[in-house]
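User: I've got a structure open and I'd like to know what stands behind the labels people put on it. Can you take me through the reasoning?

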Amino acid sequence: MAITPIATWAPLPSTARGQTVHLSYDKKSDRIVYAANKSIFIRSVSNPAEARQYNAHTANTTVAKFSPSGYYIASGDASGTVRVWDAVGEDMITKGEYFVLSGRINDLAWDADSQRIIAVGDGRERYGHCFTADSGNKVGEIIGHTSVVNSVDIRPVRPYRAATVSDDSTLVFYNGPPFAFNFASKGNHSNFVNDVKFSPNGEFIVSVGSDSKIVLYDGKTGEFQKVIGEKEHKGTIFAVSWSPDSSKFVTSSADGTVKLWDVASGNVVKSWEFEKSPANQQVGVVFAGKYIISLALSGDLNFLTEDSDKPEIVLNGHQKSITALATVKGGFYTGSYDGRVIHWSEKGVATTVAGDGHSNLIAALSADDQDNVWSAGWDDILKKISDGKFSGTNNSIGGQPKALSVAKKSGAVAVVTETSLQLFENGTSKSAKLPFNATSVSITEDGSLIAVGSQNYEVHLFNGDLSPSTKLPPIRAAVTYLAFSPSGSHLAAGDATGKIALYNIADKNIQTSRWAFHTSRINSISWHSSGQYIVAGSLDTNVIVYSVEKPVKNIKFLGAHKEGVNAVAWLNDTTIVSAGSDAAVKTWAVEF
């Protein structure tokens, strides 16, 4: 008996308006690495559904960079900590942890020997720090700026040089190692400078900024050479990346365009334009093998090629904590904290659900046998999803939904707010006022019985017409999740302390209370099609499979999702899908 990981389907990179996201690519393994919430994700370019997650950071991560050797990754977070870790081994062992700034790490750069790192960002004592990757020893000093440093790069060929750019509109050039201030280049930018990169051959430095300017410098001396393509971009330029042969570079901008430039002529070779909207501001870009990958503010990763005006691939997904999940034939749907709903194929291909969606947190998703999915959001609206898009069916809930459950066979939809139970069926709705604070709901597959959990440890049963049926024996804490078995003969009730009680509906009693191996709030329960097992996900980050026949026996996987498992479901009789606060989706093989 065991649970083993099958796949991790990564979230999209974390983004913030007006802030550059630095992406990194490793040619040897054909992978990119980026920061998402409190994790770092390494993702295959040729097979984006293949990903790995590094979980050791305790604060929101901000940047990650491959070493030139490809063996290590350095990652930074909002607390000013940099971690250096193994990028090749399965265990991703941390080699070093260094507290380098008293604020956010904005960017990192490795030297060509994969031995030294410069980290820059926002700190009270300093805006950057140079140190060795293996021991953290100081190997230089980052000075010369009067404001937050946004980006850093180290010349990839000898003699080594370094450059940093800042909100103070200045580029500072360093000799080294040990890296020492040489001079500050002022007056070339008139606004924040967002990114800086040395060309792979070391001949040039290019900087881009909020003034829409692209400035070229000599890579060896740091001397200003020229401004390229003035007024080509109509907004802030967030990021720049060089082609491997140093003949071209690519820029991404808030004007929704990505432009490829020829260095010798200073002309635009290719331009990709996205629909003008804040979500399509291009806040990051990197050359990645045969692709140029640009990052939109929405988190979408666009795989661009020179011979096409449109992205060859667009990776959708979640950026925020996933709060709900519902399975359908051939895949499943997930909803997140920001109101986004995604459809996933069984192979991990994510597609954003089109149409008039929710404007706030998705409280719950549930599906019937016809693959109609119902979603309840904190915009107090119940919506229907059919054929991969919102159907336009909107029902006002009249309060903040706590949970919803759909009768798979009848299609009836039960929704609870804190003070009411509502039933939507065949275009009609009915409501019952509740004399207790409701927390959860489940409806049998035929819609004949509804269970409602309460804050005062009780589970109340209602008939399909919302008339009260009976009250089940109380459990030991507030009820947080309810799930009827496929036959309706049993009801699993999870509580705020991590315990699950199994009710026998026929005799209205607790059959077992031995499902007690979670240590924190139960967030989700799903029944196996046989009715003999459940899988539960909890705030304690663990996924556990329990048996009805042998309550003490269980199969568990610890630390399934960083900061909590929010949703679990059976994809089939031997496969579980889970989603969590890390915005990742994971699949698991179960061997009974």
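Analyst: Let's start with the word "strand": here a strand is a DSSP run of E with at least two residues, numbered from the N terminus. Keep in mind that this is a predicted model. T62 sits in strand 6, which covers residues 61-66.

User: Why is T62 called buried?

Analyst: Buried means under 20% relative accessible area. T62 comes in at 13% relative accessibility, so the label buried applies.

User: What makes the link between T62 and I105 a polar contact?

Analyst: The cut-off is a pair of N or O atoms within 3.5 Å, with one able to donate a hydrogen and the other to accept it. A polar atom of the T62 side chain lies 2.5 Å from the backbone oxygen of I105, so that pair falls within the limit. Leaving out residues up to four places away in sequence, T62 also touches A35, G76, D77, A78 and R104.

User: What about K383, buried or exposed?

Analyst: Buried. The limit is under 20%, and K383 has 2% relative accessibility, so it counts as buried. K383 lies in strand 35.

User: Which side chain does K383 make a polar contact with?

Analyst: That of N394, at 3.0 Å. Set against the 3.5 Å limit, that pair qualifies. Among the other residues K383 touches are D356, H358, W374 and F390.

User: How do you know that strand 34 and strand 35 pair?

Analyst: Pairing takes at least two bridges. Strand 34 (residues 373-377) and strand 35 (residues 381-386) have four bridges and run antiparallel, so they pair. One place to look is W374, whose bridge partner in strand 35 is K384.

User: And what joins strand 35 to strand 36?

Analyst: Five bridges, again in the antiparallel sense. I381 stands opposite S396 in strand 36. The two strands form a hairpin with two residues between them, and D387 in the turn has a positive phi of about 55°.

User: What makes strand 33 and strand 36 edge strands?

Analyst: The open sheet has four strands in the order 33-34-35-36, with antiparallel pairing. Strand 33 (362-367) and strand 36 (389-396) each pair on one side only. Neighbouring strands in this sheet are turned by 20° against each other on average, direction ignored.

User: Which strands are the edges in the sheet with the order 10-11-12?

Analyst: Strand 10 and strand 12 (128-132), as each pairs on one side only. For the pairing of strand 11 (residues 116-121) with strand 12, there are five antiparallel bridges, and R116 has T132 as its bridge partner in strand 12.

User: Why is strand 45 described as largely enclosed?

Analyst: Five of its six residues (479-484) are buried, so strand 45 is largely enclosed by the rest of the structure. Strand 45 is joined to strand 46 (residues 490-495) by five bridges, running antiparallel, and V479 is partnered with D495. These strands form a hairpin with five residues between them, where G488 in the turn has a positive phi of about 85°.

User: Last one: which residues lie nearest the centre of the second largest pocket?

Analyst: S24, Y25, P68, P156 and P200, out of 37 lining residues. Strand 6 is one of the elements giving two or more residues to that lining. The volume of this pocket is about 1000 Å³.

Note on methods. Residues are numbered from 1 along each chain as its sequence is written. This is a predicted model: local features need pLDDT of at least 70, side-chain atom pairs count only at pLDDT 80 or more; totals for chains, interfaces and linings use all residues. Side-chain values use heavy atoms; hydrogens and water are left out. Axes are lines fitted to C-alpha atoms, for helices over the stretch in contact, and angles run from 0 to 180 degrees between N-to-C directions. Buried means under 20% relative accessible area, exposed over 50%, partly exposed in between (1.4 Å probe, protein chains only). Contact means heavy atoms within 4.5 Å. On a 1 Å grid over the protein atoms alone, a cavity is a set of points where a 1.4 Å probe fits but cannot get out, and a pocket is an open set with protein on both sides within 12 Å along at least five of seven lines; lining residues have an atom within 4 Å of a point. Grid points are joined across faces, edges and corners, and a volume is the space filled by probe spheres set on the points.
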